[in-house]
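The following exchange asks how certain terms come to apply to a structure. Each reply sets a computed value against its criterion.

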Amino acid sequence: MHAMNRRTDRSDGTGADPRGARDTDVIVVGAGPTGLLLAGDLAEAGLGVTLLERRPAEISNLTRALVVHARTLEQLDARGLADELVAGGHPLTGLRLFGRATIDPTQLRSRFPFVLVTPQFEVERVLERRARRAGVTFRHDSEVLGLDQDAEGVTVRFRTAEGLGSVRAAYVVGTDGVRSTIREAVGLPFPGRSVIRSLVLADVRLAQEPDSPLTFNATGEAFALIASFGGGWYRVIGWNRHRQAADDAPADLDEVRELTRLALGSDYGMHDARWVSRFHSDERQVPSYRVGRVFLAGDAAHVHSPAGALGMNTGLQDAANLSWKLAAVLRGRAPDGLLDSYQTERHPVGKQALRSSGALIRIALLPTGPGHAVRALAAQLVNRVRPLSRRAVRTISGLGITYPAGPGAHPLAGHRAPDFRLAGGSRLYELLRQGRFVLITPAGEPGVPQAPASGGDSPRPADDRVVTASWRSERRTALLVRPDGYIAWATDATAPAARTAALRGAVSHWTGTEDGASIATALTPPAHAADTPAGR
């Protein structure tokens with residue numbers, strides 16, 4: 001389902017219409033994975049989207065992410081993109097964190113019980129293709145200078161090779177990375193600190209192929225990760241306690257070889273480095289993901305160490321959470337207050353990502369003496385204590401993330417919905433590709449209830465907002481699943497009258513067919529990450 005932009009982007013330097021007219025519905029700043037997924041979602045919902053990117057179109061993004069976790073693959077599956085990525089990548093059924101500690105994703109109840117090794121540019125490629133087909137207006141070589149927002153919208157000012165320009169929209173989302181101009185423009189602090197310095201990044205060829213497409217180890221003196229990058233190239237990320245330098249200090253292949261031998265016992269005959277760079281890794285998070293009509297997502301909102309490979313995955317899930325809410329508000333199906341739930345739901349998830357990656361990197365950096373004992377104990381706990389192992393893999397994979405439900409909600413509300421098999425051979429995440437809520441009812445029960453119209457008119461169908469399906473099994477629970485794959489509502493009621501009333505109320509409440517304000521009130525308690533009964 002694709003739709004072209006409904007609005008025209010006027011960026012001729014004349015500024016915004018003083019009467020508040022908008023050039024587009026949403027401006028997304030930053031064409032990394034987070035921005036591309038968000039822009040594509042909004043455009044497929046029929047909204048006008050302009051994506052501003054500082055880089056020229058012919059210059060690719062600096063790719064650091066190498067891993068796509070199960071929950072992100074589920075989100076991509078809901079957009080029809082996961083299978084292509086999996087086919088071109090390297091699925092791993094085990095992920096070694098350090099020493100003998102192994103994360104086992106095969107225990108995940110998901111269509112993707114593995115860790116996918118694939119470079120970030122492959123994720124960007126499929127997301128950009130989708131966004132362009134949906135009608136997103138791309139403006140590369142556009143450096144954002146600042147913004148002005150008022151009660152009616154936001155005007156973003158930018159500079160191109162041709163001169164100054166501006167574009168106005170109802171909302172702006174900054175997905176422009178750790179040095180976010182949008183974050184600075186709204187005056188948000190980015191508190192935190194550097195957690196590790198003098199990381200080295202390189203693309204090399206190897207004379208000896210590693211045993212796995214992704215190889216990682218930490219000794220306390222050094223750590224290194226080698227991942228297959230395609231075309232005979234390998235990405236190396238590493239750190240050497242004995243070679244600490246400023247970010248602008250030159251790094252070379254000899255340094256990469258040395259840290260790899262320290263951490264992995266071999267440099268695999270690496271040669272022909274096409275580039276080597278040095279950088280540092282911070283732990284930072286903004287206090288608020290929203291300032292008025294401006295939102296932050298991905299690295300613009302939170303950044304942490306590469307341990308656990310959570311960065312790109314967390315950003316993509318930010319986008320999946322925010323996109324359906326923006327679409328609901330802009331299409332008049334929910335009040336602006338719904339957008340506050342983005343902060344409520346996603347800020348705690350970002351905080352948890354900082355904690356998880358921080359714990360992993362600190363264990364890896366412990367000096368050899370005490371570090372060996374701590375790493376050995378951690379390995380034993382992860383490998384032998386099944387509840388701890390299960391929690392670890394669900395946390396890293398993203399399947400353990402839950403969102404809050406209102407008082408008295410069903411125990412499943414707020415949990416991730418697994419990819420249920422449904423009557424007729426369909427599955428839930430195929431239905432989610434329509435960008436709508438999915439109502440699942442027991443076989444033989446009526447589908448979407450008629451939504452009451454205002455003013456006493458006859459009821460109107462909610463089919464443009466809800467997809468209906470039935471269980472393939474004898475299960476009697478009815479579920480309403482949000483467009484981002486989380487359970488909005490459920491009931492176990494069996495009495496026909498009570499069940500019909502509950503279905504009608506839930507559809508009206510969540511899709512805005514009766515009282516759009518009600519959808520915002522259900523999303524207020526603080527979010528958390530935990531094991532979910534829905535995924536067991």
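Q: What stands opposite V29 in strand β12?
A: V29 stands opposite G174. This is a predicted model, in which local features need pLDDT of at least 70, side-chain atom pairs count only at pLDDT 80 or more, and totals for chains, interfaces and linings use all residues. Residues are numbered from 1 along each chain as its sequence is written, and side-chain values use heavy atoms, with hydrogens and water left out.

Q: What makes β1 and β12 a pair of strands?
A: Strands are DSSP runs of E with at least two residues, helices are runs of H or I with at least four, and both are numbered from the N terminus. Two strands pair if DSSP finds at least two bridges between them. Four bridges join β1 to β12 (residues 171-174), so the criterion is met. These two strands run parallel.

Q: How many bridges join β1 to β2, and which residue of β2 stands opposite V26?
A: Four bridges join β1 to the parallel strand β2 (residues 49-52), and V26 stands opposite V49. Between these strands the chain passes through helix α1 (residues 33-44), in a right-handed β-α-β crossover. That term applies if, with the strands pointing away from the viewer, the path from the first strand over the helix to the second runs clockwise.

Q: Why is H347 called buried?
A: Buried means under 20% relative accessible area, exposed over 50%, and partly exposed in between, with a 1.4 Å probe and protein chains only. H347 has a value of 15%, and is therefore buried. H347 lies in helix α8 (residues 340-365).

Q: Why is R129 called partly exposed?
A: The relative accessible area of R129 is 27%, so R129 is classed as partly exposed. R129 belongs to helix α4 (residues 120-134).

Q: What makes the link between the side chains of R129 and E84 a polar contact?
A: A polar contact is a pair of N or O atoms within 3.5 Å; within protein, one must be able to donate a hydrogen and the other to accept it, and residues adjacent in sequence count only if both atoms are side-chain atoms. The side chains of R129 and E84 are joined at 2.6 Å, so the pair qualifies.

Q: How is the bend of α8 at R346 defined?
A: The bend is the angle between axes fitted to the seven residues ending there and the seven starting there. At R346 this angle is about 30°, and a proline, P348, follows within four residues.
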